[in-house]
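Biologist: I'm new to this structure and would love a close look at one helix in it. Could you pick it apart for me, then walk me outward from there to the rest of the chain?

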Amino acid sequence: MNKLNQEVSRYIPAELQNLLDAASSSVSQILNKALFGNEISEDDGTVLFNCRDNEKVTDRTAIFAVADILRQRSKGDYVTFVVNRNINFTNICYMGCRFCGFAKRKEDSGSEWLEPSQVVERAQQAWDRGGTEVCIQGGLHPKMEGNYYRELVLAIKAALPDMHIHAFSPFEVWYGAVKSKLSYRDFLSDLKDCGLGSMPGTAAEILDTEVRQKLTKNKLSADCWEEIIRTAHDVGIPSTATIMYGHVDEPKHWAAHIALLREIQKDTGGFTELVPLSFVHTDSPLFLNNPNSVRPGPTDHEVDLMHSVSRIMLNGFIDNIQVSWTKLGAERARNMLSLGVNDLGGTLMNESISRSAGSKHGQEITAAELCEIIRSAGRIPVRRNTIYKTIDIYKDHDPMDVVPLVERESDPLNFLKMFPETAE
Ligand code: SF4
């Protein structure tokens, strides 16, 4: 750490010092370590994640304040977002992950399969609406050929050479490589040559064998997920990182998961961001079949802690912490901006995975609406590309206004209109 950074990391405002003094000594020690720019351990992370109970209000307040100051040191007042479109090319999947409310069988009503030409049509629509990224994921259709993935990338790049393709979870890469009889390295290198720009680090769920056994019968092991992600980074494909929490997991799993992501990042530098994903229980067979032993998603306190403690554990390693508005809704997403979050993700245009699992919030938020949310929190909206290069800073102008692609059931910004004084 250089001298200036050392000085910055030693400056603790009086208000924060008061919060640290009021916190329990174990929590205060850990937070001081983070404030002085030092890495906190996995055990430290577990202590912070365990501050869930009501009697630990002072500890939680100190954690939130430290997450916020670390975010401020790293990102200032800027809050980023990307204009993108989510395209799920199929929801047909026979993998039978127990938590999944998205997959359908071929004969089910609502099952869908898109040919590459249909995906290109949707990508073109996104481009015409100012999108710079398509985020593409799908189920593992039993009949699909391994070369579908490369054909999809080639078709989009032929029509839209400048569109960034952010696609295929490690589970899909595993499936495509097996179907193509290629090593992960060869499969991924070929996708990169075809034009794949980056990968979603989904299918991580919780990187713990026992938890994965309950969630997915461990069909994609934690080791396999890590191997594919490390290989992707190694061949030059960056990825996001995710954690899906609030089901059969505990704070110790969260800390171990985040610590593992940090170790991978130290070696590869390939993660662009962390996106905590709340488990949506409403249509999830895992919850519906085991309502007494599976939690219905994280509590509000756990959501707050997940974003804050992730910021603290990943400080200096993964500095973009994204909130998923599709999981939490616009109002909660805005609240997260004071708890360590600096990114609101994408406009998505028509997200369907969260909605299939029962989330009420999916579909689309326009760039203009994201700017409104960010400004209402007193921050400066910045449009970025997928790999966090700045495209535009909306200090004194607004983004292009577009009508949402699909008619929405409700206005996601209603919460701002109910309290007009916060909307300025
Ligand atoms: S999580 Fe993915 S792989 Fe598992 S059943 Fe659902 S769509 Fe299939």
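Modeller: Happy to. Let's take helix α12, residues 251-268, and start with its length. At 1.5 Å a residue, the 18 residues of α12 should span 26 Å, and the end C-alpha atoms are 26 Å apart, so the two agree. Keep in mind as we go that this is a predicted model.

Now for what α12 hides. Its buried residues are Pro-251, His-253, Trp-254, Ala-255, Ala-256, His-257, Ile-258, Ala-259, Leu-261, Arg-262 and Ile-264. Here is a handy rule for reading a list like that: an α-helix has 3.6 residues a turn, so residues three or four places apart point the same way. As for what lies over those buried residues of α12, the cover includes the helices α4, α10, α11 (222-234) and α14 (300-314), along with the strands β6 (239-245) and β7 (271-278). Just after α12 comes Gly-269, with a positive phi near 65°.

From here, α4 is a good way outward. The chain is assigned two domains, domain 1 (3-75) and domain 2 (80-423). Taken over C-alpha atoms, their centres are 28 Å apart. Where they touch, domain 1 brings 20 residues to the contact and domain 2 brings 22. On the domain 1 side, the elements giving two or more residues are α4 (42-49) and α5 (57-75). Of these, α5 gives the most, with 10 residues. That side of domain 1 divides into 10 nonpolar, 4 polar and 6 charged residues.

The contact leads on to the inside of the model. In soluble globular proteins, nonpolar side chains tend to be buried together. Here the largest nonpolar core has 123 residues, and those with the most contacts inside it are Ile-63, Val-66, Val-134, Ile-136, Ile-156, Ile-312 and Leu-344. The largest share of this core, 8 residues, comes from α5. Both domain 1 and domain 2 give residues to the core, so it lies between them. Ile-312 is a nice one to click on: leaving out residues up to four places away in sequence, Ile-312 touches Ala-34, Ile-40, Leu-48, Val-66, Ala-67 and Leu-70.

Another of those core residues, Ile-156, takes us to a second helix, α7. The 12 residues of α7 (residues 148-159) should span 16 Å at 1.5 Å a residue, and the end C-alpha atoms are 17 Å apart, which agrees. Ile-156 is among the buried residues of α7, together with Tyr-148, Tyr-149, Arg-150, Leu-152 and Val-153. The cover over them includes α6 (116-128), α8 (170-180) and α9 (184-194), plus the strands β3 (133-137), β4 (164-167) and β5 (196-198).

Two loops by those elements are worth a stop. Lys-181 lies in the loop between α8 and α9, and its phi is near 55°, a positive value in a residue other than glycine. Lys-181 has 9 other C-beta atoms within 10 Å, so it is exposed. Glu-205, in the loop between β5 and α10 (209-216), also has a positive phi, near 45°, without being a glycine. Glu-205, though, has 27 other C-beta atoms within 10 Å, so it is buried.

There's a ligand to find as well. Around the ligand are Cys-93, Met-95, Gly-96, Cys-97, Cys-100, Phe-102, Ala-103, Gly-139, Leu-140 and Phe-171. This shell divides into 8 nonpolar and 2 polar residues, with no charged ones.

Let's finish further along the chain. Glu-331 lies in helix α16 (residues 330-336). It has 18 other C-beta atoms within 10 Å, so it is partly exposed. Glu-331 and Ile-373 are 42 residues apart in sequence, and their C-alpha atoms are 8.1 Å apart in space.

Last comes Val-406, in the loop between β10 (390-393) and α19 (414-418). Val-406 counts as exposed, because it has 11 C-beta neighbours inside 10 Å. Not counting residues up to four places away in sequence, Val-406 touches Asn-350, Gln-363 and Glu-364. Val-211, on the other hand, is 195 residues from Val-406 in sequence and 36 Å away in space, C-alpha to C-alpha.

How values were computed: Residues numbered from 1 in each chain as written. Predicted model: local features only at pLDDT ≥ 70, side-chain atom pairs only at ≥ 80, totals over all residues. Helix = DSSP H or I, 4+ residues; strand = E, 2+ residues; numbered from the N terminus. Expected span 1.5 Å × (residues − 1). Buried ≥ 20, exposed ≤ 12 C-beta atoms within 10 Å, placed from the backbone. Contact = placed C-beta atoms within 7 Å. Near = placed C-beta within 6 Å. Nonpolar A, V, L, I, M, F, W, Y, C, P; charged D, E, K, R; others polar. Domains from an automatic or database assignment. Core = buried A, V, L, I, M, F, W, Y, C linked by C-beta atoms within 7 Å.
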